Amino acid sequence: MKLEHVGIAVKSLGVSDELFEKLLGKNSYKNETVEREGVTTSFYRTGDSKIELLEASNAESPIAKFIEKKGEGIHHLAFGVENIYDEIERLKKEGFQFISEEPKDGADNKLVAFLHPKSTNGVLVEICQEKA
């Protein structure tokens, strides 16, 4: 497993993109909307890892609810895996709980699954695999 990206919940991609472009000295390489999740994303490469900015595209989005409850900030840590199905089974056997055990399409051409923060010291953890 390697750190694939850090997801950061933001109120405004416009404002946050400007901030991260200044901070990192580069532009976002990809913007994408994931309608099913009610989120618009912006990605930045940072060496071997990435930063994913997440803006809610509707008031019912998990990101909107997160920001309402906790404010802007780190939303999740994502770890890249070779085989997401094998990794889900391994982690379940280790006692981790999943929000959903069935991988789904995520942003940046990935299959994703999220571990419940109750089983990861309060941190939302995503595992992701590049789609073929």
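**Strands, a cavity and a pocket**

V34 has V39 of β3 as its bridge partner. The model in which this pair is seen is a predicted one, and the pair belongs to the contact between β2 and β3, which run antiparallel and share five bridges. Another pair in this contact joins N31 to S42 of β3. The two strands form a hairpin with four residues between them, and G38, which sits in the turn, has a positive phi of about 65°.

On from β2, the next contact of β3 is with β4. These two strands are antiparallel and are joined by eight bridges. T46 is placed opposite S49 of β4. Here too the strands make a hairpin, with two residues between them, and G47 has a positive phi near 70°. How many residues of β3 are buried? Six of the eight are, so the strand is largely enclosed by the rest of the structure.

These hairpins are part of an open sheet of eight strands with mixed pairing. Read across the sheet, the order is β2-β3-β4-β1-β5-β8-β7-β6. Which strands stand at the edges? β2, residues 30–34, and β6 do; each has a single partner strand, so one side of each is left without a neighbour in the sheet. On average, and with direction ignored, neighbouring strands are turned by 35° against each other.

The mixed character of the pairing can be followed at β8, residues 125–130. With β7, β8 pairs in the antiparallel sense over six bridges. With β5, it pairs in the parallel sense over four bridges. V125 of β8 takes part on both sides: L115 stands opposite V125, and V125 is also the bridge partner of L77. Further along, V112 has C128 of β8 as its bridge partner. β8 is mostly covered, as five of its six residues are buried.

From the strands the description can turn to the empty space around them. Over the whole structure, the search finds one cavity of 30 Å³ or more. About 40 Å³ of space lies in this largest cavity. Its lining consists of I99, S100, E102, K104, V112, A113 and F114. Which element gives the largest share of that lining? Strand β7, residues 110–115, does, with three residues. By residue type the cavity lining divides into four nonpolar, one polar and two charged residues. V112, which lines the cavity, is the residue bridged to C128 of β8.

The largest pocket has a volume of about 760 Å³. Its lining holds 31 residues, and those nearest the pocket centre are P62, I63, H75, F114 and L124. F114 therefore appears in two linings, that of the largest pocket and that of the largest cavity, given that a lining residue is one with an atom within 4 Å of a point. Two or more residues of the pocket lining come from each of β3 (39–46), β4 (49–56), α2 (62–70), β5 (73–80), β6 (104–106) and β7. The element that gives the most is α2, with six residues. Of the lining residues of the pocket, 15 are nonpolar, seven are polar and nine are charged.

One residue outside the strands deserves a look. I88 is located in helix α3, which covers residues 84–93. Is I88 buried or exposed? Its relative accessible area is 2%, so I88 is buried, the cut-off being under 20%. I88 and L23 are 65 residues apart along the chain, and their C-alpha atoms are separated by 35 Å.

A last view takes in a long span of the chain. In an unreviewed UniProt entry, residues 2–130 carry the feature "domain: VOC". Within residues 2–130, helix makes up 24% and strand 41%, and the end C-alpha atoms of the span lie 13 Å apart.

Definitions and conventions. Residues are numbered from 1 along each chain as its sequence is written. This is a predicted model: local features need pLDDT of at least 70, side-chain atom pairs count only at pLDDT 80 or more; totals for chains, interfaces and linings use all residues. Side-chain values use heavy atoms; hydrogens and water are left out. On a 1 Å grid over the protein atoms alone, a cavity is a set of points where a 1.4 Å probe fits but cannot get out, and a pocket is an open set with protein on both sides within 12 Å along at least five of seven lines; lining residues have an atom within 4 Å of a point. Grid points are joined across faces, edges and corners, and a volume is the space filled by probe spheres set on the points. Ala, Val, Leu, Ile, Met, Phe, Trp, Tyr, Cys and Pro count as nonpolar, Asp, Glu, Lys and Arg as charged, and the others, Gly among them, as polar. Two strands pair if DSSP finds at least two bridges between them. Axes are lines fitted to C-alpha atoms, for helices over the stretch in contact, and angles run from 0 to 180 degrees between N-to-C directions. Buried means under 20% relative accessible area, exposed over 50%, partly exposed in between (1.4 Å probe, protein chains only). UniProt positions are given in the numbering used here, feature names are shortened, and annotations may be inferred rather than shown by experiment.
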